[in-house]
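I opened this notebook to record what I looked up, beginning with a whole chain and then turning to a pair of helices.

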There are 2 protein chains.
Amino acid sequence: MPRNVSRSKKALAKPIGILGGGQLARMIALKAHEMGLPVRILSESSDDPAAQVASGWVKGSLNERKTLKQFLNSCSLVTFESEFLDASLLSDIARETGTPVYPRPHDMAAMQDRLTQKSLLLKHKLPSANFFPVKSYAEAQKALTKLGGRAVFKKRRFGYDGYGTFVVHSPSALAKIEAEFGSNIYGFIAEQFVPFRREIAVMVGRSQKGQTIRLPFVETYQENSRCLWVKGPLRETSALKTLAHKLELFLKATGYVGIMGIELFDTGRGLLINELAPRVHNSGHYSLNGLCVDQFSLHLKAILGQDLGKPVLTAKGFAMLNLLGHSSRKPSWDLPSDIHLHWYGKHDNRPGRKMGHINALATTPDEALALVKKRLRNFDV
Amino acid sequence: MPRNVSRSKKALAKPIGILGGGQLARMIALKAHEMGLPVRILSESSDDPAAQVASGWVKGSLNERKTLKQFLNSCSLVTFESEFLDASLLSDIARETGTPVYPRPHDMAAMQDRLTQKSLLLKHKLPSANFFPVKSYAEAQKALTKLGGRAVFKKRRFGYDGYGTFVVHSPSALAKIEAEFGSNIYGFIAEQFVPFRREIAVMVGRSQKGQTIRLPFVETYQENSRCLWVKGPLRETSALKTLAHKLELFLKATGYVGIMGIELFDTGRGLLINELAPRVHNSGHYSLNGLCVDQFSLHLKAILGQDLGKPVLTAKGFAMLNLLGHSSRKPSWDLPSDIHLHWYGKHDNRPGRKMGHINALATTPDEALALVKKRLRNFDV
């Protein structure tokens, strides 16, 4: 079977490394398998969701120099599922080994700290709530006053799903968390409290070769600061289009490589960016069934410099519902055929833990949402 | 988060076992991972396509009593990717261990032998070409005469992709393969030579609970007796609908459990069944992107007794192209975004070997086919 052979093609000599063994790493690994890309996982336990689905699993700590160096040496390029790694160590080892890490460690560094992330947003004229850095209780009191008596205090580092976030509506409420301000070595930011009409999210990405992509805007719903569901696509208003354009400029200006998750507040009078995450994101899980290409494959294509294409919808409406643990019993389910289950293989079921998610397609976002909500009863998580 | 708990739900205590480590087992394993079903693979080498994508891989022979017994004991239920196993051994061990094997070994036995398969078709009034069993050269000569001087001689067992099949148009051509008839312990069947307009395939299935499903009819194209491409869906003529109905009756009458691949000849004047395979099938690979649910997930749902639902198309046209090796070099590719790559991770590239496949979607089957053919140049297999 003769054919034209493009000279630019090459096979990967070494696997793609993934730092971390959680559900995001698992879903990246599964899509890598589908594309036939060899993957290697670095994580602490062979029970980890990603460790279960790859023969190339390596046991080890993600922030330990020797382990990381060995791991990077064994990979052609490396990515990660969490931005809370030691970015400067990772940057050093990437330089020493010559193995690229995407997204680049300095982008991870900028986004893993809420203060530098806010500075990044300011620098690139991306809208977000007013804020002040806070290092002490005295500064916290001052910030609360300046922000009109209502503020959200967020730990600069290691906050997620509401952990490390305190909404404060009065000086007395602030006094109750006074001890926090002395105990956190990285400090806080105090952000203006934003009453929002709804929360929105969008996945964007840029490939190694400079091509950018944006997935549809979606509405997200959080319960107890944890994502419960996502529905979409949203009708693209001019405000959303303008923001999308700014995000594209941002990706280009920073030279970011990989997929990025963006969380927004729709205040009813405008859009404010709440958070950037330099990785695949829970709010993009709908793409596994709602688009012709999913965020995990896109992330792999982006870091490999492959064509990202256009994200075509597979239905007029889609929805994603997180399956959160509500007991410590072994979860079980009856799988109905009108939803798509993505289960993470976690051995311990714990209340609030993300055990899996379900996706549904329908003729409108609301119909798809109704379907996943209805199907929740088929799961005893 | 309180919800109704259905009492019929249960989690799998032990993994689903897959006998075999090739691409079919790999794709079943990947879909099992997606659904969070624990899987265990039994195969000869850790390099096998399926062994690469599962932590639960066991090294061993598929036809060795002790290995099989241990493997079945460690699984909740077992399936396979090839019908060419020792069906009676498997049946014995399933009974001894109490671990169900789906499709059932006696269905495997009936279909792994071309003579018993033909008898099965006759018994269930499914149309297929006239045939005679052949055990010697003398019987082969007689059969050739009875079949009008043109016949296809097929080894009763272990034939695939044209191996073990001889098309004979004259007594002198038969004489050239005379030695074959003495050397094959299982014998042959002599089948009427069928000049066909095109080849057609369809996947059908039946769940443990008795629910049946049929995927769209597709056209398949073979080159050198090996599947090169598939396109679909075919327009459903009354002849196809009638056949579909007969196939459903066949599944119900036999109580078959799992997905089954069916290859047909469209002679222009009617449909004849060429072959049944009690497993997922190359002609169903399009379903990974062309349907809302793929044959691998359906097979798992069928053997677990889950709801099979309805196979909704994701586009008006789809096509699948096998990526066949054409040299022994390491394969490589540039991955374009308008096709879906499914690569099997095989280490040795050999001419004609199935290394992976690509799927495309379009507004017609022919457009999708044109797209995968065009994209072949992106692969240096």
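Entry 1, contacts along the chain. I first looked up how far apart in sequence the contacting residues of chain A lie, and I found that, of the contacts with a separation of 6 or more, 64% join residues that are 24 or more positions apart. I note here that the model is a predicted one.

Entry 2, make-up and extent. I listed the secondary structure of chain A, which has 12 helices and 19 strands. The radius of gyration of chain A is 21 Å, close to the 21 Å that the globule rule gives for 381 residues, so I wrote down that chain A is as compact as a globular protein of that length. Along the principal axes, the C-alpha trace of chain A spans about 75 × 50 × 45 Å.

Entry 3, burial and surface. I checked how much of chain A is covered, and buried residues make up 60% of its 381 residues. The accessible surface of chain A comes to about 15500 Å², and carbon and sulfur atoms hold 51% of that surface.

Entry 4, two helices of chain B. I reminded myself that two packed helices are described by the angle between their axes and the distance between the axes. In chain B, I looked up helix H4 (residues 105-112) and helix H5 (residues 114-123), whose axes come within 5 Å and cross at roughly 105°. Because angles of 65 to 115 degrees count as roughly perpendicular, I described H4(B) and H5(B) as roughly perpendicular to each other. H4(B) contributes Ala109(B), Ala110(B), Met111(B) and Gln112(B) to the contact, while H5(B) contributes Arg114(B), Thr116(B), Gln117(B) and Leu120(B). By class, I recorded four nonpolar, three polar and one charged residues in this contact of H4(B) with H5(B).

How values were computed. Residues numbered from 1 in each chain as written. Chains lettered and ligands numbered in written order. Predicted model: local features only at pLDDT ≥ 70, side-chain atom pairs only at ≥ 80, totals over all residues. Heavy atoms only, no water. Axes fitted to C-alpha atoms, helices over the stretch in contact; angles between N-to-C directions. Parallel < 35°, antiparallel > 145°, perpendicular 65-115°, else oblique. Contact = heavy atoms within 4.5 Å. Nonpolar A, V, L, I, M, F, W, Y, C, P; charged D, E, K, R; others polar. Rg over C-alpha atoms; globule rule 2.2 N^0.38 Å. Buried < 20%, exposed > 50% of the residue type's maximum accessible area, 1.4 Å probe, protein only. Areas by Shrake-Rupley, 256 points an atom, 1.4 Å probe, with all protein chains shown as cover.
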